Amino acid sequence: MTTTAVLPAGAPGPVTDRTVIGENLSLPLFRTLSGVLAGHPYLKVVVDRIEDTWHLLDTAVHPFHVNYIATRVLGMELTELDSCLDAFNASVYMDPERRFLLGVLSLHTDEDTEGRERPFLVLETTEADTMNGRLLEEFYTFVRHRVDGRLPLLLKPANHGQEHELAAISDVHVPRILGHQLFGNRTRTPLNPGEAVGRLRYFRTLEEYTAAADGLGWSDIVAMPCLPDDVPRVAGFLNTSPGTPLSHTNVLASGWGIPNAIVRDLERMVDADVLDGAWVRYRVQDDEITLVPLAHAPTLEAPAWHQQRIRMEPPLLEDVPALWLHRLRRADRDRYGTKAANLGELHHVLDSRTADLTAFYGRPRPPRADLYGHLAARLGAKDATPEELRALAADFVAGVIAAPDGVALPFALQHRFLTSSPAVQQGLGKLKMALELDAVDVLDALCLHLQQLIRNTPLPEDVSRQITQALPGGPATGRRLVVRSSSNAEDLPGFSAAGVYESITTVHGADELLDAVRQVWASLLSPRSVRLRHQAGISLDDTYMGVIIQEYAPADLGGVLVTCNPTRREDFRNVYLNCSPGSPETVVDGTTLPLQYLYNTVEGGGRTVALGSSGQDLPVGTRDKLARLALTGRLLQSHFSDTDVDHPLDIEWLMTDQGDFRLVQIRPYAL
């Protein structure tokens, strides 16, 4: 084979409009009118309840339901529609007495008991549609009577509200399938879009990967069941086991701008086409993943990041005290690290309530001048002015989340420790020389030796005293502490460092606290972190580690949200949220497959994407709380995204046993 298409590309659309009105739908007619979305043929349908007929839209000609209804059915001009778009949308998606029922039919296949392929159709509305149970049943029944009876038809609720409405209706009358049932076991899932040419390196086990890891380079595309967090910077990732777009490795893929996808049948393809070790062109898009073998090894130039140099402000090392997080602001990142400074800024936002948290909604979204009306609806204040919305948004956020308490240790403490030891200084000198000479063959040994020195070198008395006295009462034996990293070499444009530095979550007493601080400091000199920074042009002299010390807070639920849809970057409506019982670390490090949700922060509503390892969804009340958290994340984006309010955030959070949310980390999401 010369080409292996993991997901088929759609055929070119017709030039003429072949929209059909009133006809029954056969499979050949479906294929004539359909397009392809996420690898599945689909067809838009409009049911006109007054005329008792339906319209089967030619997908290539009519990409939007509302445009078709306005211009072809109601005789409006597009300029007239644009001037009242939100009101028009409300009339067709939210009015319980609406004239039109809008949806999509998609074609899927499964296997019968004898292994034969069986096609079936799925009917669904848009995610923002608020159809009640009566309308959903009417919509399904209308379509069922007009579709070839040999084709099974299932209704997929588009959001949690529709799931609730359907719970009172027999699935005999309205057969259904949930989103996570339809897509949770998809063979192929895009995680991060991109394109790369490289050599495919396929590892069936972690042991195979470990044996070959030292030989991996920037031109390799690494494929294995689940990539480890310490994977080096390469050309692309391929996972053969289920995962989440919010794992550390995908955050790295996003920050590095490399393609990443789940392809669960890769082993079959590799064996069939002898792809392991072959040069391939690998492309990941929203609705297509392709892997094309190349006839000859290409001549490749080093990637741009090989020459890239990350700009960062030099650290400030003057003697400053350990401070409570609430006393920090974002400008303190050069003394205490990015993580601590952002949490300090969060305290300020919640306490002062002076920040404008509505700027994202004030940006024009053509043809809309802004989204203030949608925000007002989400906050329950339909006629609020922009000024009133700012106050309401600040109150809403302060009512949903809390910033964590804790103490931040400055770079100055690490600097005093490092300069107190001649052995450590000598080791740092050797490492700097190796980096200057690009002596990569000795880097690992030098880094590991330095880490061991740092972990075992006694702290100067004044440094250890400042650490142990940082918390009131000191590190009392009876309470559990968490020690987190807070470097200045993370969360930078073009360099996220997700999962690179260490945090210690089980610390008791003074001795363990001092050991944990040294372990966090030592993580700044791990072989992987040194290599990644060196590749990005970040000088070792400019890199320092602050530390956050917090009292451990037990959590019923923990997770990560990003204020975007990672697999559809043009989607400005949705926030992607992952969670699992306990700590958020289990979500980002890949040890647990999380529950995954999308929450619409414009029109409202949410939907379950995957159930993960738990196998069951969260209670309705908990999902409603997560919807409030998602909206809170969107509002915080207006303040923490700096100059571009469209730049999403990456937020780690906990839900306590009281049902309250605490944010553990807030940072820009690497795009």
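**Close-up views of a predicted model**

**View 1. The hairpin of S26 and S27 carries a positive phi at Gly659.** In this predicted model, five residues sit between the two strands of the hairpin, and Gly659 has a phi near 85°. Strand S26 covers residues 649-655 and runs antiparallel to S27, with seven bridges holding the pairing. For a register check, look at Leu654: its bridge partner in S27 is Arg662. Strand S27 itself spans residues 661-668, and six of its eight residues are buried, so S27 is largely enclosed by the rest of the structure.

**View 2. Seven strands line up in an open, mixed sheet.** Reading across, the order is S17-S27-S26-S22-S23-S24-S25. Strand S17 (401-402) and strand S25 (606-610) have a single partner strand each, so one side of each edge strand is left without a neighbour in the sheet. At the S17 edge, two bridges link S17 to S27, and these two strands run parallel. Here Ile401 stands opposite Phe661 of S27. Over at the S25 edge, strand S24 (residues 595-600) pairs with S25 through four bridges, this time in the antiparallel sense. Tyr599 faces Gly606 of S25 there, as its opposite number.

**View 3. A five-stranded open sheet pairs in the antiparallel sense.** Its strand order is S16-S18-S21-S19-S20. The edges are taken by strand S16 (323-324) and strand S20 (504-507), each of which pairs on one side only. S16 meets strand S18 (residues 407-409) over two antiparallel bridges, and Leu323 has Ala408 in S18 as its bridge partner. Helix H17 (residues 411-420) packs on this sheet, where it touches S18, strand S19 (481-487) and strand S21 (545-551). If you like angles, the direction of H17 makes about 120° with that of S21.

**View 4. Helix H20 keeps its buried residues on the same side.** Which residues of H20 (residues 461-468) are buried? They are Val463, Ser464, Ile467 and Thr468. These four cover an arc of only 125° around the axis, which puts them on the same side of H20. The cover over them includes S18, H17, H21 and S21.

**View 5. Ile467 belongs to a nonpolar core of 68 residues.** This is the largest nonpolar core of the model, and Ile467 is listed with Leu409, Leu431, Val483, Phe495 and Trp521 as having the most contacts inside it. Helix H21 (residues 509-523) supplies the largest share of the core, seven residues. Leaving aside residues up to four places away in sequence, Ile467 touches Leu409, Leu413, Leu459, Leu513, Leu514, Val517, Trp521 and Ile549. A second, separate core has 44 residues, among them Ala355, Leu375, Ala393 and Leu611. As background, nonpolar side chains in soluble globular proteins tend to be buried together.

**View 6. Residues 1-15 have a pLDDT under 50.** The model has 32 contacts beyond four places in sequence for this stretch. Before you set up anything on those contacts, keep in mind that predicted coordinates should not be read in detail where pLDDT is low. For the protein as a whole, the average pLDDT is 88, and 94% of the residues score at least 70.

Conventions
Residues are numbered from 1 along each chain as its sequence is written. This is a predicted model: local features need pLDDT of at least 70, side-chain atom pairs count only at pLDDT 80 or more; totals for chains, interfaces and linings use all residues. Side-chain values use heavy atoms; hydrogens and water are left out. Two strands pair if DSSP finds at least two bridges between them. Contact means heavy atoms within 4.5 Å. Axes are lines fitted to C-alpha atoms, for helices over the stretch in contact, and angles run from 0 to 180 degrees between N-to-C directions. pLDDT is the predictor's confidence in each residue, from 0 to 100. A nonpolar core is a set of buried Ala, Val, Leu, Ile, Met, Phe, Trp, Tyr and Cys residues joined through side-chain atoms within 4.5 Å. Buried means under 20% relative accessible area, exposed over 50%, partly exposed in between (1.4 Å probe, protein chains only). The arc is that of the directions from the helix axis to the C-beta atoms.
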